[in-house]
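Q: Please take a close look at one part of this structure. I would like to follow a single helix and the side chains that meet it.

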Amino acid sequence: MPIVDRFRRPAQHEDLLDDLTGKGGPFRSLVEALMFAAALGQQKSRRENFDKTGEPIRLALMEGRLYGDVLIDMLAAVDMQNDPKILSDDRLDERVRIFEEYANGGLNYIRGELNTAATCDLDVLIENLVMGALTVPEEDDEIGAILSSADIAW
């Protein structure tokens, strides 16, 4: 079995990745943009396969980022909850594929938002996506509901 030392990026999103990482873009590197896109893809349940790829990126660049390798493992563990062996060393290629597909799904989501948004400002869009992920909807705020029902003032 070949050793995985690179991960793919979807060719259909090369222009979006350039915008995300170019001068004035919200990310400093392709790795950071793809990490964000993968996390977004997982949050939006968008794992999307792709065949046509751009220039592969060395996996060592991901592992050199704070929590980069952890993100790859976490995405795989969440995606394959009934298969704990997905985290074994000999299945790195599968974990990388899961990461790639979530990144593609996240990039597709960003593209869709840009196509329908009132503004095409990537910084604003990314900021809104981050703030949306950090904001807990009231109906999902179980702790807040318990505190409210107990009439506890903090």
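A: A good place to begin is Arg 111, which is partly exposed because its relative accessible area is 22%, a value that falls between the limits of under 20% for buried and over 50% for exposed. The model is a predicted one.

Arg 111 makes a salt bridge with Asp 15, and the closest N and O atoms of the two are 3.2 Å apart. This pair links distant parts of the chain: Arg 111 belongs to helix α5, Asp 15 belongs to helix α1 (residues 14-21), and 96 residues separate them. Asp 15 is also partly exposed, with a relative accessible area of 42%.

Helix α5 covers residues 92-116. Another salt bridge in this helix joins the side chains of Glu 100 and Arg 97, at 3.4 Å from N to O. Here both partners lie in helix α5, three residues apart, which is about one turn of the helix. Their surroundings can be compared with the cut-offs already given. Glu 100 has a relative accessible area of 4%, so Glu 100 is buried. Arg 97 has 40%, so Arg 97 is partly exposed. These two residues are also part of a network of salt bridges that includes Arg 8.

Arg 8 has a second contact to note. Arg 8 lies over the face of Phe 50, at 4.2 Å from the ring centre.

Next come the aromatic rings. A pair of such rings is described by the distance of the centres and the angle of the planes. There are two aromatic pairs in the count. One of them is formed by Phe 7 and Phe 99, which meet edge-to-face with 5.4 Å from centre to centre and 90 degrees between the planes. This pair, too, links distant parts of the chain: Phe 99 is in helix α5, while Phe 7 is in strand β1 (residues 6-7), 92 residues apart. Both Phe 7 and Phe 99 are buried. The rings of Phe 27 and Phe 36 also have centres 5.4 Å apart, but their planes are at 40 degrees, so this pair is tilted. Both Phe 27 and Phe 36 are buried.

Helix α5 can now be placed in the whole chain. The chain has seven helices and two strands, and from the N terminus on its elements run β-α-α-β-α-α-α-α-α. A search of the whole structure finds eleven salt bridges. Another of these joins the side chains of Glu 14 and Arg 9, at 2.8 Å from N to O. Arg 9 counts as buried because its relative accessibility is 11%.

Links between distant parts of the chain also appear in the contact count. Among contacts between residues at least 6 apart in sequence, 73% join residues at least 24 apart. Of the 154 residues of the chain, 34% count as buried.

The surface gives a contrast to the buried rings. Tyr 67 counts as exposed because its relative accessibility is 57%. Tyr 67 lies in the loop between α3 (59-63) and α4 (68-79). With Leu 66, Val 70 and Met 74, Tyr 67 forms a nonpolar patch on the surface, and together they have about 460 Å² of accessible area. The accessible surface of the chain comes to about 9700 Å², and 52% of that belongs to carbon and sulfur atoms.

Terms used
Residues are numbered from 1 along each chain as its sequence is written. This is a predicted model: local features need pLDDT of at least 70, side-chain atom pairs count only at pLDDT 80 or more; totals for chains, interfaces and linings use all residues. Side-chain values use heavy atoms; hydrogens and water are left out. Patches are made of residues with over 30% relative accessible area and no salt bridge: like charges are joined within 9 Å, nonpolar side chains (Val, Leu, Ile, Met, Phe, Trp, Tyr) within 5 Å. Accessible areas come from the Shrake-Rupley method with a 1.4 Å probe; for residues, only the protein chains shown count as cover. A salt bridge is a side-chain nitrogen of Lys or Arg within 4 Å of a carboxyl oxygen of Asp or Glu. Helices (H or I, at least four residues) and strands (E, at least two) are DSSP runs, numbered from the N terminus. Buried means under 20% relative accessible area, exposed over 50%, partly exposed in between (1.4 Å probe, protein chains only). Rings of Phe, Tyr and Trp (its six-membered ring) pair if their centres lie within 6.5 Å; planes under 30 degrees apart count as stacked, over 60 as edge-to-face and the rest as tilted. A charge sits over a ring if NZ of Lys or CZ of Arg is within 6 Å of the ring centre and within 35 degrees of the ring normal. Contact means heavy atoms within 4.5 Å.
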